[in-house]
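Here's a walk through a two-chain model, written for someone who'd like to click along. Have the viewer open and follow the headings.

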Amino acid sequence: MPKRRPRVNPRRRPRNRQSDVKAAWTNKLNLASGAMTMQRQANTARSGIGWCAQLGRATHWLLDISELPMEWLIRLCGWSAIFFVFAIFFFVLKEGAGVLGKLDLKEFLTSPNWRPDSAVRPQYGILALLVGTFSVTTLAMLIAVPLGLGSAVYVSEFAGRRTKETLKVVIELLAAIPSVVWGFVGYMVLGPIIIRLTGAPIGINVLNGGIILALMSVPIIVSVGEDALRAVPDSYREAAAALGANRWETVYRVLFPAAKKGLLAAVLLGVGRAVGETMAVLMATGHAVQIPHSLLDPVRTLTATIAAELGETVAGDDHYAVLFVIGVVLFAVAFAVNLTADVVVNGWRGGRND
Amino acid sequence: MDVQIHISGLNVSYGDKPALRDVSLDIPRNTIFGVIGPANSGKTTLLKCMNRTIDFISSARVTGEVAVDGQNVYRMRNVYQLRRRIGMVFPLPVGLPLSVYDNVAYAPRRAGIHDRHELDELVEKCLRQAVLWDEVKDRLRTLGTRLSGGQQQRLTLARALSHRPEILCLDEFSIAIDPVTTMKIEDVLLELKQSMTIVLVTNLVQQAHRLADSTAFFNDSRLVECGPTQKLFTRPDNPLTLKYVTGVFG
């Protein structure tokens, strides 16, 4: 049991009132916890204590034993993410496994000839599709990253309160537009505009797909990026201001380094959306298997190929399996992008960033 | 008396809550001006008005005059220029997410000093003045945010000194620093007084007594009394001041 504190000299009372109260409380708390420990050790001592206190103690005990299942539940939630990723990966790999032995991997990755329906000799070269995906994604990112980050900075640092609220609502609305609608916009609206402005024969091409993908990625980059910037404590802004930094210097020298992980996550989510987007690019890129020579050439992407052709295949045949191998390739691309970004931000060892 | 900072009729409120009520005082050049008072009495708000970082608090409403060298800070067109003349050390240390070296070199670089040697020298000098050099000289490249609390606080001090301010505002600069180091910094402050005006907000009444040439006592968002430190600590006009400085309060 705790020692009782000596009584404070009453003459000094006014000065030490606060510490007096504190001492009293400490005593009470010590007594209470002491009693609780005794109760739990001996599990007796029912006399003279109100049922209310007992109830309190019981709940406390319940909370204590529920700690373990809770911990396991949370652990399960964490591991389930890993489990699902592996499960999907293995499912996709299993479906594609049948063809892996027959597939000439070199031809698969380096040949631009995608002729799965050829009766004489089907060819499964995905180079054109890879180039298609990369060209459209790269263009989209070139547009979306500066636009998205700039917009995030504006919304978080420069906009007035009302402008900020309005912009956020509109941007979230933009994120909620289904991809098929974006594809439609690319096909019906942007296509004719591109034809008129550039004189290209077809309006659905790399440029069109890139712009549409950029517009689709911007809302994600803005909202995640804005969260990251807003998470930077105001004290950083004040410290920078006290050094005489103007707003732009504050953003560039202080906020960007402080929020770099969040901003990178924003960009990555944007890239993820661009690489994985299917329906919009299917409609806006022209869906022609070829290696593009200019922005105005139509292309076809990996995702659009899977979406367009899976329905025509017979489950289990080579074409079907190859489409799943493309899925594995998409997996690998996504993994590589994430890993690269992680290495860029954290260095090889991860964690320490000094 | 050569007045550097002149404040008259300053009122600040956060929403409905007043933070400073009708404060008027003059801070003479090249002296240490102590500001004491219990929590919530408006000390920090006073500092924030001087370099206008109070602008960051959207709910703050400010009326009255704060003049630095005769210029009203609320009429200044270039607030950044003002802030570059005032060094500010906050109570909670803020190491910017830059290396120790870059933290200190930030302001000089911005001022156009890019010569390697000059920068090195300046950084070392500022870190020495903040009594931090010996602890960080081998790890100038680590992030400022990785230093311990007390070290970060001294880093903030070095940073504030790095742009050779005319006015140095210290807001509880020693709360995370051990007494021995604090004493060393106090000696530095007495030296620095030759070249700058220092406004020292502190909860350590004795610190104000030791360092300040004149001291202001704030209570409940009002300036209770302001005068030469010796007078304020021995025979103040207001009984409340006497109670506070002798430790009998509340």
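What follows goes from chain A to the contact, then into the strands of chain B, the nonpolar cores and one helix.

## Chain A at a glance

Keep in mind that this is a predicted model. Chain A is built mainly from helices on paper: its secondary structure comes to 13 helices and two strands. Of its 354 residues, 31% count as buried. Take the contacts in chain A between residues at least 6 apart in sequence, and 70% of them join residues at least 24 apart.

## Where the two chains meet

How many residues does each chain put into the contact? Chain A supplies 18 residues and chain B supplies 23 residues. On the side of chain A that touches chain B, the elements giving two or more residues are α8 (234-242) and α9 (247-258) of chain A. The most comes from α8(A), with nine residues. By type, that side of chain A divides into nine nonpolar, four polar and five charged residues.

For a single residue to look at, try Ala242(A), which lies in helix α8 of chain A. Ala242(A) counts as buried because it has 28 C-beta neighbours inside 10 Å, and the cut-off for buried is 20 or more. Leaving out residues up to four places away in sequence, Ala242(A) touches Asn51(B), Thr53(B), Arg83(B) and Met88(B). Lys94(A) is 148 residues from Ala242(A) in sequence, and their C-alpha atoms are 60 Å apart. Over in helix α9 of chain A you'll find Arg247(A). Arg247(A) has 15 C-beta neighbours inside 10 Å, so it counts as partly exposed. From Arg247(A) to Ala334(A), 87 residues apart along the chain, the C-alpha separation is 35 Å.

## Strands β3 and β8 of chain B

Now for chain B. Strand β8 (residues 197-201) of chain B is mostly covered, with five of its five residues buried. Side chains in a regular strand alternate between the two faces of the sheet. In β8(B), Thr197(B), Val199(B) and Val201(B) point one way, Ile198(B) and Leu200(B) point the other way, and all are buried.

What partners does β8(B) have? Strand β3 (residues 32-36) of chain B runs parallel to β8(B) and is joined to it by four bridges. Phe33(B) has Val199(B) as its bridge partner in β8(B), and Val35(B) has Val201(B). Strand β7 (residues 167-171) of chain B also pairs with β8(B) in the parallel sense, over five bridges, and Ile167(B) stands opposite Thr197(B). To get from β7(B) to β8(B), the chain goes through helix α7 (residues 179-192) of chain B, in a right-handed β-α-β crossover.

Is β3(B) covered or open on its two faces? Both are covered: Ile32(B), Gly34(B) and Ile36(B) on one side and Phe33(B) and Val35(B) on the other are all buried. Four bridges also join β3(B) to strand β9 (residues 214-219) of chain B, and these two run parallel. There, Ile36(B) stands opposite Phe217(B).

## The nonpolar cores

In soluble globular proteins, nonpolar side chains tend to be buried together. The largest nonpolar core here has 129 residues, and the ones touching the most other members are Ile221(A), Cys169(B), Val199(B) and Leu200(B). Helix α7 (residues 206-230) of chain A gives the most to this core, with 15 residues.

Zoom in on Ile221(A), and, skipping residues up to four places away in sequence, you'll see that it touches Ala144(A), Val145(A), Gly148(A), Leu149(A), Ala152(A), Ala266(A), Val267(A) and Gly270(A). There's also a second, separate core of 13 residues, which includes Tyr124(A), Leu129(A), Leu302(A) and Ile326(A).

## A helix with two sides

Last stop: helix α10 (residues 239-246) of chain B, where the buried residues are Thr241(B), Tyr244(B) and Val245(B). Down the axis of α10(B), these fall within an arc of 90°, so they line one face of the helix. Residues three or four places apart in an α-helix point the same way, because there are 3.6 residues a turn.

The face of α10(B) turned away from the buried side carries the exposed residues Pro239(B) and Thr246(B). Among the elements covering the buried residues of α10(B) are α8 (205-211), β9, β10 (222-228) and α9 (229-234) of chain B. Just after α10(B), Gly247(B) takes a positive phi of about 90°.

Terms used:
Residues are numbered from 1 along each chain as its sequence is written. Chains are lettered from A and ligands numbered from 1 in the order in which they are written. This is a predicted model: local features need pLDDT of at least 70, side-chain atom pairs count only at pLDDT 80 or more; totals for chains, interfaces and linings use all residues. A residue is buried if 20 or more other C-beta atoms lie within 10 Å of its own, exposed if 12 or fewer, and partly exposed in between; C-beta atoms are placed from the backbone. Two strands pair if DSSP finds at least two bridges between them. A crossover is right-handed if, with the strands pointing away from the viewer, the path from the first strand over the helix to the second runs clockwise. Two residues are in contact if their C-beta atoms, placed from the backbone, lie within 7 Å. Ala, Val, Leu, Ile, Met, Phe, Trp, Tyr, Cys and Pro count as nonpolar, Asp, Glu, Lys and Arg as charged, and the others, Gly among them, as polar. A nonpolar core is a set of buried Ala, Val, Leu, Ile, Met, Phe, Trp, Tyr and Cys residues joined through C-beta atoms within 7 Å. The arc is that of the directions from the helix axis to the C-beta atoms.
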